[in-house]
Amino acid sequence: MTEIQRKQDRAPVPKDWTYAPAPESRDVVKLQDRYGLFIGGEWVEPGESYETISPANEETLATVGQATAEDVDRAVQAARAAFSNGWSSLPGSERAKYLFRIARILQERSRELAVLESLNGGKPIKESRDVDVPLAAAHFFYYAGWADKLEYAFPNRKPGPVGVAGQIIPWNFPLLMLAWKLAPALACGNTVVLKPAETTPLTALLFCDVLRQAELPPGVVNIVTGDGRTGAALVEHPGVDKIAFTGSTDVGKAIQRRLAGTGKKLTLELGGKAANIVFDDCALDQAVEGIVNGIYFNQGHVCCAGSRLFVQESIAEPLVEKLKKRLETLRVGDPLDKNPDVGAINSKLQLDRIKELVAAGEEEGAEIYQPPCRLPEKGYWFAPTVFTNVAQSYRIAQEEIFGPVLSVLTFRTPEEAVEKANNTPYGLSAGVWTEKGSRILWMAKQLRAGVVWANTFNRFDPTSPFGGYKESGFGREGGLHGLEPYLRFEE
Ligand code: NAP
Ligand code: MG
C-alpha cells in the first residue's frame, strides 16, 4: 500500500459536502437603541425617527433619525461655521493627518464595521470584510496623500476648496460610498453634510465615532439620516455649494433639473447596464469566474454590474453550460456566516423590483435558470438567476435590475459586440474577455463606458477614476480626477 493510499484510508469521508456554519460574532458591534443626527460634532435629537432592520431576517436593529428640513439647515450651518472657522485654511499637511488617522482607525475597527455593514445591508461578511472596509480605508489613505500636494496636482491653477458639500449616497456600498465621497472632499478643504441611504444608516453612524476618535474638528463632517425627503432638503438648501450624488438615474435627473441655474457644482454617479463581452479565444474558466463575480457579487446590487453577458456565438453553448454548473456551487445564506457568496437582498422594495423584472423576462419569452438552493424563510432573498434566449428589446436586457440576474445574449463579430454593448442609455462600465491585446485596446476605444475591464471585472482602486457616460452620470470619483469636483480654481 502506498503512503498516499494509506492516508486516504484513514481520512474520514464526509457524509456530504455542505459547509459547516462559520458565523461571525455579532458581539463585536455594540448597537444603541436610538441614534440621533451627528451635527457640529454632537448628537442632536432628530425631529422624527424610523426603525432600521436587518434584511436577512427583518429584525429591528435600531431607531434612527429622519432629518427634517430644519435639521438639514442646522447641519449646513454647522458645516459652514467649520469651513470658515479654520478647516478651509488649515495647511494641507494638517488635513492629511486627520485623514490618515481616520484611515488607520477604520483598519483597527474593521471587524466591527464589517459585521455592522453585513447586518444592516445584507451583504456577505466575507465581502464587507475583504472588499468594502479595506477599500474604504484605502480611499482615506490615498486622498490623505493628496491633501498637501494639490498645487502640484493642478500646477498654476491655484486650487482652493469649494465650500460646503452636500453628499447623498446609496445603500449598496454604504461605508465605501461614504469614503468615496468624504475623503476627496476633506482632502481639498471642504466641509460636508452627508446623507446615507434610508435602509443602511448604521455604518455611517458608527463612523461618527471614528471621527470623534480621530478628533476631527466639530462640524467638518455632519451626518443626517433619513429618506429621500432629507436628500431633497439637502439639495434645495441655498447654503450648499456642491452636491455629490450617487444613486438612481431618475433621482439624479431630478437633482440636475433642480440645480440648473443655481451655480452649485454637481456630480452624478447613476445607474448602469454593463456589457460583459466574451470572445471565443478567451480563457473560458477564467471568464466564467469573471461573469459570476460581475453579476452575483453583492447580490448584483452594483451600479457597474456585468448584467448583460454577450458571448461569441461559437462558444455560447459550452460557456452557458459551465456557468450553470458554477451557479450550483454558489452558496446563498446568512450574511454573517463566512461561507455564503450571496447574501440577502437589501430591502423589500428592491426584492419586489427584481421579482417584477424577472417575471417580465419570463413573459417576454426568455428562458430562466436558477440553481437548486434553499432560501431562508424570513428576510429578503433571491436565487442567482440566468436568462438565456434574451432579445435586446426585452426589459431584462434594457432596464437596470440591480439584483442577481444575468441576461445572456450572443454576437458573431467584434463590430456586432460593440454595437449591441453600446445599445443602452447607460455607460458606466464594460468587460472584455479575449486573449488578444490588440482587440482589448480596440474594444476599449469603441465602448462608451467610463471603465472597461479586460480579463477581469469589478476591480476597484482608489487611484483609478470611476464614473459614467450618458445616463450613468458625469464627474469622476477616485484618482486625481476625483479631486477636481471639490476644488475651485483661480485662473
Ligand atoms: P436612489 O433612490 O436614487 O437613492 C440614492 C440616494 O438618494 C439615497 O440616499 C436616497 O434616499 C436619496 N434620495 C432619494 N430621493 C431623493 C431626492 N428626491 N432628492 C435627493 N435625494 C434623494 O437610489 P437607490 O435605489 O438607493 O440606489 C440604487 C441606484 O443607485 C441604482 O440605480 C444604481 O445603479 C445607483 N448607483 C450608482 C452608483 C454609481 O457609482 N454610479 C453606485 C451605487 C448605486 P433613500 O435611501 O431614502 O431612497
Ligand atoms: Mg431610493
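This passage walks through the domains, the ligand site and one sheet of a predicted model.

The domain assignment divides the chain into domain 1, covering 34-270 + 472-489, and domain 2, covering 275-461. The C-alpha centres of these two domains are 30 Å apart. Where they meet, domain 1 contributes 19 residues to the contact and domain 2 contributes 23. On the side of domain 1 that touches domain 2, the elements giving two or more residues are α4 (110-121) and α5 (125-146). Sorted by class, this side of domain 1 is made up of 8 nonpolar, 7 polar and 4 charged residues.

The ligand site brings the two domains into the same picture. Ligand 1 lies between domain 1 and domain 2, because both give residues to the shell around it. That shell holds 28 residues, and the closest of them are Glu 198, Gly 228, Gly 231, Gly 247 and Cys 303. Two elements, α9 (228-236) and α10 (249-259), each give two or more residues to the shell. The largest share, 4 residues, comes from α9. In terms of class, the surroundings of ligand 1 comprise 14 nonpolar, 9 polar and 5 charged residues.

Attention can now turn to the strands. An open sheet is built from 7 strands with mixed pairing, and reading across it gives the order β13-β14-β15-β12-β11-β16-β17. The edges are formed by β13 (367-369) and β17 (451-454); each has a single partner strand, so one side of each is left without a neighbour in the sheet. On average, neighbouring strands of this sheet are turned by 20° against each other, with direction ignored.

At the β17 edge, the partnership can be followed down to individual residues. Strand β16 (residues 429-433) runs parallel to β17, and 4 bridges join the two. Within this pair, Val 432 is found opposite Ala 454 of β17. As general background, strands of a sheet pair through backbone hydrogen bonds, in either a parallel or an antiparallel manner.

A helix also packs into this part of the description. Helix α12 (residues 316-328) lies across five named strands: β11 (275-278), β12 (308-312), β13, β14 (385-388) and β15 (405-411). Relative to β14, helix α12 runs at about 160°.

Definitions and conventions: Residues numbered from 1 in each chain as written. Chains lettered and ligands numbered in written order. Predicted model: local features only at pLDDT ≥ 70, side-chain atom pairs only at ≥ 80, totals over all residues. Near = placed C-beta within 6 Å. Nonpolar A, V, L, I, M, F, W, Y, C, P; charged D, E, K, R; others polar. Domains from an automatic or database assignment. Contact = placed C-beta atoms within 7 Å. Pairing = 2+ DSSP bridges. Axes fitted to C-alpha atoms, helices over the stretch in contact; angles between N-to-C directions.
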